[in-house]
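Hi everyone, thanks for making the time today. I'd like to walk you through one protein model, going from the overall layout down to a few individual residues. Please have the view open while I talk.

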Amino acid sequence: MIKITKNWLEIIGEEFQKPYFAEIQSFLDEEYSNHTIYPKMENIFNSMNYCKYEDVKVVIIGQDPYHEPEQAIGLSFAVPKGISLPPSLKNIFKEIESDLGITCENNGDLRRWAVQGVLLLNSVLTVRRGQANSHKGKGWEHFTTAIIKKINEKQTPVVFLLWGGNAKTFAPLITNPIHKILTSVHPSPLSAYAGFFGCKHFSKCNEFLKQNNLKEIDWK
């Protein structure tokens, strides 16, 4: 069963009543019945379940969940504790350590960020095992667009970290001048050296939060 907190249900509940979401549900029923799908159904909305709407201070947008076993937990870039860090997450930690002069935990379970107000949102929330982008274009993009629009309406400042072409497509939705957008290439090994390393997004993010009297994120 798909689980989402009452907090977010009050914000985006109307999306579940729209025709496109009925199509998503029908598609997922078929997929979960006949294939191995990640994350587990009860974890699909974990990005929101661990980060209340009113607490959102930072948004990090990923593409779709990891498609190999035991990795996807419903938070973009995150993996369970004890699972080897994927290459992109390794590069994120490298940039944090270089930028902030700290040592990150060797632990990919990023719920420690989520509970501080970091929304770790993938643009597509499910994937078939071994098939990256297999659920792209099935309706999730409408849903995640609605989430970003609702965050744009917040009257407290939010930092949007948009890494790579997919994440940058959300930039036009962020029209509220109180928010801050930081963009770079994706932290993947294929592109990290082309601008992600040295972007200093984590110090810039915390400086913006500090300027707006919001608690900085402990990125360890």
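In what order do the elements of the protein run from the N terminus on? Starting there, we read α-α-β-α-β-α-α-β-β-α-β-α-β-α. That gives eight helices and six strands in the secondary structure. Please keep in mind that this is a predicted model.

Let's take the overall dimensions next. The C-alpha atoms fill a box of roughly 45 × 40 × 25 Å along the principal axes. A compact globule with 220 residues would have a radius of gyration near 17 Å, and the protein has 17 Å, so the two agree. Buried residues make up 50% of the 220 residues. If you take the contacts with a separation of 6 or more, 67% of them are between residues 24 or more positions apart.

And what about the surface? The accessible surface comes to about 10400 Å², and carbon and sulfur atoms account for 49% of it. As for charge, there are 25 positive and 23 negative side chains, and the centres of these two sets lie 4 Å apart.

Now, please turn to helix α4, residues 87–100. At 1.5 Å a residue, its 14 residues should span 20 Å, and the end C-alpha atoms are indeed 20 Å apart, so expectation and model agree. Which residues of α4 are buried? They are Ser 88, Leu 89, Asn 91, Ile 92, Phe 93, Glu 95, Ile 96 and Asp 99. Do notice that Glu 95 and Asp 99 are in that list. The cover over the buried residues of α4 includes α5 (111–114), β5 (159–163) and α8 (201–211). Just after the helix, Gly 101 takes a positive phi of about 70°.

Staying in this neighbourhood, let's look at Phe 77. This residue sits in the loop between β2 (58–62) and α4. Is Phe 77 buried or exposed? Its relative accessible area is 10%, and buried means under 20%, so Phe 77 counts as buried. Leaving aside neighbours within four places in sequence, the contacts of Phe 77 include Ser 88, Leu 89 and Ile 92, and those three are among the buried residues of α4. Phe 77 also contacts Ile 60, Ile 61 and Gly 62, along with Tyr 66, Leu 110, Trp 163, His 186 and Pro 187. One more distance here: Phe 77 and Gly 108 are 31 residues apart in sequence, with their C-alpha atoms 8.1 Å apart in space.

Let's move to the earlier part of the chain, starting with Tyr 32 in helix α2, residues 19–34. Tyr 32 has 21% relative accessibility, so it counts as partly exposed. Its contacts, not counting neighbours within four places, are Ile 37, Tyr 38, Pro 39, Lys 40, Met 41, Ile 44 and Thr 126. Across the sequence, Tyr 32 and Arg 128 are 96 residues apart along the chain, yet their C-alpha atoms are separated by 8.8 Å.

Two of those contacts, Tyr 38 and Pro 39, bring us to a backbone detail. Most residues other than glycine have a negative phi, and most peptide bonds are trans. Here the peptide bond from Tyr 38 to Pro 39 is cis, with omega near -5°. Pro 39 lies in the loop between β1 (37–38) and α3.

That loop also holds Asn 43. Beyond four places in sequence, Asn 43 touches Ile 73 and Gly 74. The C-alpha atoms of Asn 43 and Leu 75 are 8.8 Å apart, with their positions 32 residues apart in sequence. A little further on, Asn 46 is in helix α3, residues 46–49. Asn 46 counts as buried because its relative accessibility is 9%. Outside its four-place neighbourhood, Asn 46 touches Ile 73, Gly 74 and Leu 75.

Finally, where do we find a positive phi in residues that are not glycine? One is Glu 70, at about 65°, in the loop between β2 and α4. With a relative accessible area of 58%, Glu 70 is exposed. Another is Asn 213, at about 60°, in the segment after α8. Asn 213 has 72% relative accessibility, so it counts as exposed too.

That's the tour, and thanks for listening!

How values were computed. Residues are numbered from 1 along each chain as its sequence is written. This is a predicted model: local features need pLDDT of at least 70, side-chain atom pairs count only at pLDDT 80 or more; totals for chains, interfaces and linings use all residues. Side-chain values use heavy atoms; hydrogens and water are left out. Helices (H or I, at least four residues) and strands (E, at least two) are DSSP runs, numbered from the N terminus. The radius of gyration is taken over C-alpha atoms; the globule rule is 2.2 Å times the number of residues to the power 0.38. Buried means under 20% relative accessible area, exposed over 50%, partly exposed in between (1.4 Å probe, protein chains only). Contact means heavy atoms within 4.5 Å. Accessible areas come from the Shrake-Rupley method with a 1.4 Å probe; for residues, only the protein chains shown count as cover. Lys and Arg count as positive and Asp and Glu as negative; His and the chain ends are not counted. The place of a charge is taken as NZ of Lys, CZ of Arg, CG of Asp or CD of Glu. The expected span of a helix is 1.5 Å times one less than its number of residues.
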